[in-house]
Each structure stands twice: as structure tokens, then as C-alpha cells.
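Thanks for making time. I have one structure to go through today, so please have a look at the screen.

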Amino acid sequence: EGRVPVRFDDVVTDSRCPTGEQCITAGFAEVVLTAGEGTEAAEYHLFTEGREPRAFTHAGHTVTLVSLAPHPKGSSTIPKAEYRATLEVQRQ
């Protein structure tokens with residue numbers, strides 16, 4: 001199998017320190033992804049820097065969360081539709 005579909009479903013947590021702020025911890029974001037289709041589909045939770053796991057393996061492919069944009073600014077909430085996850089997929 002040469003490909004594995006990956007869908008970016010949601011951001012369930014985003015406690016990253018806002019740009020320009022000083023925070024005690026850097027915080028992290030948790031994203032939900034679905035890999036595969038039909039009966040082969042599975043849900044995975046990945047985290048940005050500061051938490052694990054950052055990657056998962058599905059159907060011979062390793063998927064790594066590289067980054068999540070945009071980064072929080074001030075106290076404003078980011079609308080879920082504006083999030084963009086950058087993923088790296090490597091065939092094993």
C-alpha cells in the first residue's frame with residue numbers, strides 16, 4: 001500500500017504561551033487526527049512540543065506533527081477552522 005489518508009479533525013487543547021507573553025511553561029496543543037479509511041481507520045491524539053506523543057505509526061507509515069498554526073496571541077481564542085497542522089509522513 002503506497003498511501004495512507006490522514007484527516008485533521010480537531011484541536012482539543014491549546015495552552016501554548018501566547019506570542020509576546022512570558023509564561024511559566026511553554027504549554028502545548030493537542031490535535032486529533034484520523035488515519036486510514038473504513039474499518040482500517042483509527043483516531044490518534046498528537047501533541048506539540050512539550051508533550052508526547054508527537055507521532056504515530058499506521059499501515060506502515062509514521063505520521064509526525066511538525067507544527068500547529070496559528071500561534072496564540074494575547075487572550076484571543078483561535079477559531080477551530082483557522083488551525084493548520086503541518087504533518088510529516090514517512091513510509092516505513
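I'll start with the nonpolar core. This is a predicted model, and its largest nonpolar core holds 14 residues. The members that touch the most other members are Val31, Leu46, Phe56 and Leu68. Three elements each give two or more residues to this core: β2, residues 29-35, β3, residues 42-47, and β5, residues 61-69. The largest share comes from β2, with four residues. As general background, nonpolar side chains in soluble globular proteins tend to be buried together.

Take Leu68 as an example. What does Leu68 touch, leaving out residues up to four places away in sequence? On the N-terminal side in numbering, the list has Phe8, Val11, Arg16, Ala29, Val31 and Thr48. Leu68 also touches Tyr83, Arg84 and Ala85. Val31, then, is both a contact of Leu68 and another of the core residues that touch the most other members.

Now the strands around that core. β2 and β3 are antiparallel, joined by six bridges. One of the pairings puts Glu30 with Phe47 in β3. The two strands form a hairpin with six residues between them, and within this hairpin Gly36 takes a positive phi near 85°.

The second hairpin to show is β4 with β5. Here the strands also pair in the antiparallel sense, over four bridges, and two residues lie between them. In that turn, Ala59 has a positive phi of about 50°. Across the pairing, His58 stands opposite His61 in β5.

Which residues make up the covered face of β4? Those are Phe56 and His58, while Ala55 and Thr57 are on the uncovered face of this strand, residues 55-58. Phe56 we have already met, among the core residues with the most contacts to other members.

Stepping back to the whole chain. There are six strands and zero helices, so to speak a plain run of β-β-β-β-β-β from the N terminus on. The C-alpha trace spans about 45 × 25 × 15 Å along its principal axes. Of the 92 residues, 32% are buried. Looking at contacts between residues at least 6 apart in sequence, 41% join residues at least 24 apart.

Last, the surface. The protein exposes about 5900 Å², and carbon and sulfur atoms supply 49% of that. There are 9 positive and 13 negative charges, and their mean positions are 4 Å apart.

That's what I have. Questions are welcome.

Key
Residues numbered from 1 in each chain as written. Predicted model: local features only at pLDDT ≥ 70, side-chain atom pairs only at ≥ 80, totals over all residues. Heavy atoms only, no water. Core = buried A, V, L, I, M, F, W, Y, C linked by side-chain atoms within 4.5 Å. Buried < 20%, exposed > 50% of the residue type's maximum accessible area, 1.4 Å probe, protein only. Contact = heavy atoms within 4.5 Å. Pairing = 2+ DSSP bridges. Areas by Shrake-Rupley, 256 points an atom, 1.4 Å probe, with all protein chains shown as cover. Lys, Arg positive; Asp, Glu negative; His and termini not counted. Charge placed at Lys NZ, Arg CZ, Asp CG, Glu CD.
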